[in-house]
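Me: I'd like to learn how to read a structure like this one, feature by feature. Can you walk me through it?

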Amino acid sequence: MANKIEIKLDPINICMIAPMGAGKTSILSTLMKYFEDNFINKAKGFSISINAQDQKLLDDFDTEINTYINAGSFNVETGMLLNPSDTSRKFEFELSLDSKADTKVSQKITIMDYPGGWINETKKNEEFMEHLLNSRILWLPVDTPLLMQTDPNDAQEKAWLQQKLSKDSVLKLVKEWAQYRNVDYQKNDALSCVNFVMTKCETYFSQAPNKDLSKKVKVRFDEQYKSIVQEIHKASPTTEIFYYPVDTIGCVKIIDSEWCNKDGKGVLETKYSIIETERKIRGCSLLSKSLIDYSVAQINGELKAVDDSADEILNESSWIYKLWNNIIGKSKLAAYQKEEIKKLTPCMKALGEKMKELKENDLEYNQYFQSL
């Protein structure tokens, strides 16, 4: 059949907002590793593609991570495991579903981060702001060791913590996003969500001796971020807000940390030990949930539109229009489209089953997931 059906869906935009070193690149690497390990050649009809530049970024990141793992232990300034970026990065990849014949449905995912070096700047970056307002999904990485390794009774450490978190600056951007999302929902019924992603959290979750530490993380999170959560609810009542941890390395644990004064600025120096010799990510089914949910909704909506259009042609009651559709080939194309959509149904079913399986396999971290 000459008429190949290729459906390119509207891109799903995601924004990340966090101070420098909160783990934004780690999240990108973790997400792609999760897709590559669990979907490529494992979910029927599903594929993923990424451009060479972004792939190199991830490869370089993975190389550095493996270097740390192979070292057996390492010392870092918390938040600076890798060289932080002071430029905005737009990271793109594409998810595709293919039928056995000629139909392809493609979903582009575009993720843009707000460089930590800009977080306290008063001048807004126009490209980022445009992407922010076009993003239905917001990721807010939270540097867990900063919360947990700060003595709540030490005034100096508490002051340094506030400098590092830059919450006022984060709130300004988040509030603007939420206000826009509320307008978009009123006009277009467009759903949205905010994800507070606890990064570098292995010490308090997967490597913790019991659940007491994970409970303390949530207490510290509420102390610091409750006001931001409330502002989001106020500005955009229909926006869903989620809290969950993600292991981006998995095999590390903090064995010592200390706040230090360097040139008048607080630095949390941390020593990690390596528990295992292989990176093990956890909690990524939660990170990908909204992305997959929105993508599947768009795919189903587009397939239904194509199917309805084909039905309209095939069920034409006027013999004149029916004859004309046959002459110009519309009826033949419509019948072909109906058959092609049927072939995509197993792909969608397989994708749904794979997501359910992965969620069940991630039960260790699903227990920490909370809707705020």
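Reply: Sure, and keep in mind that this is a predicted model. Let's start with a single side chain: Cys-284 has 2% relative accessibility, so it counts as buried. The cut-off for buried is under 20%.

Me: Is Cys-251 buried or exposed?

Reply: Cys-251 has 0% relative accessibility, so it counts as buried. As for cysteine pairing, the structure holds 0 disulfides.

Me: Okay, zooming out, how many helices and strands does the chain have?

Reply: You'll find 11 helices and 12 strands in the chain. Of its 372 residues, 50% count as buried. On the outside, the chain exposes about 18,200 Å², and carbon and sulfur atoms supply 47% of that area.

Me: And what share of the contacts between residues at least 6 apart in sequence joins residues at least 24 apart?

Reply: That share is 80%. For one concrete pair, take Met-148 and Val-217: they sit 69 residues apart in sequence, but their C-alpha atoms are 6.7 Å apart in space.

Me: Where is Met-148 found, and which residues does it touch, leaving out those up to four places away in sequence?

Reply: Met-148 belongs to helix H4, which covers residues 144–148. It touches Tyr-204, Leu-213, Lys-216, Val-217 and Arg-220. With 14% relative accessibility, Met-148 falls under the 20% cut-off and so counts as buried.

Me: Now helix packing. How do I describe two helices that meet?

Reply: Two packed helices are described by the angle between their axes and the distance between the axes. Try H1 (residues 24–38) and H2 (residues 52–71): their axes come within 10 Å and cross at roughly 100 degrees. Angles of 65 to 115 degrees count as roughly perpendicular, so H1 is roughly perpendicular to H2.

Me: Which residues in H1 and H2 meet?

Reply: From H1 come Thr-25, Ser-26, Leu-28, Ser-29, Met-32 and Glu-36, and they meet Gln-55, Leu-58, Phe-61 and Asp-62 in H2. The residues of this contact of H1 with H2 divide into 4 nonpolar, 4 polar and 2 charged.

Me: Let me see a second pair. At what angle do the axes of H3 and H6 cross?

Reply: Helix H3 (residues 126–133) and H6 have axes that cross at roughly 45 degrees and come within 9 Å. That makes H3 oblique to H6. On the H3 side you have Met-129, Leu-132 and Leu-133, which meet Leu-173, Glu-176, Trp-177, Tyr-180 and Arg-181 in H6. The residues of the contact of H3 with H6 divide into 6 nonpolar, no polar and 2 charged.

Me: Last topic, backbone angles. Which value does phi of Ser-166 have?

Reply: Phi of Ser-166 is near 50 degrees, a positive value in a residue other than glycine. To find Ser-166, look in the loop between helix H5 (155–165) and helix H6 (167–188). Its relative accessibility is 7%, so Ser-166 counts as buried.

Me: What about Lys-200: where is it found, and is it buried or exposed?

Reply: Lys-200 lies in the loop between strand E8 (193–199) and helix H7 (212–235). Although Lys-200 is not a glycine, it has a positive phi of about 50 degrees. At 14% relative accessibility, Lys-200 counts as buried.

Definitions and conventions:
Residues are numbered from 1 along each chain as its sequence is written. This is a predicted model: local features need pLDDT of at least 70, side-chain atom pairs count only at pLDDT 80 or more; totals for chains, interfaces and linings use all residues. Side-chain values use heavy atoms; hydrogens and water are left out. Helices (H or I, at least four residues) and strands (E, at least two) are DSSP runs, numbered from the N terminus. Buried means under 20% relative accessible area, exposed over 50%, partly exposed in between (1.4 Å probe, protein chains only). Contact means heavy atoms within 4.5 Å. Accessible areas come from the Shrake-Rupley method with a 1.4 Å probe; for residues, only the protein chains shown count as cover. A disulfide is a pair of cysteine sulfur atoms within 2.5 Å. Axes are lines fitted to C-alpha atoms, for helices over the stretch in contact, and angles run from 0 to 180 degrees between N-to-C directions. Angles under 35 degrees count as roughly parallel, over 145 as roughly antiparallel, 65 to 115 as roughly perpendicular and the rest as oblique. Ala, Val, Leu, Ile, Met, Phe, Trp, Tyr, Cys and Pro count as nonpolar, Asp, Glu, Lys and Arg as charged, and the others, Gly among them, as polar.
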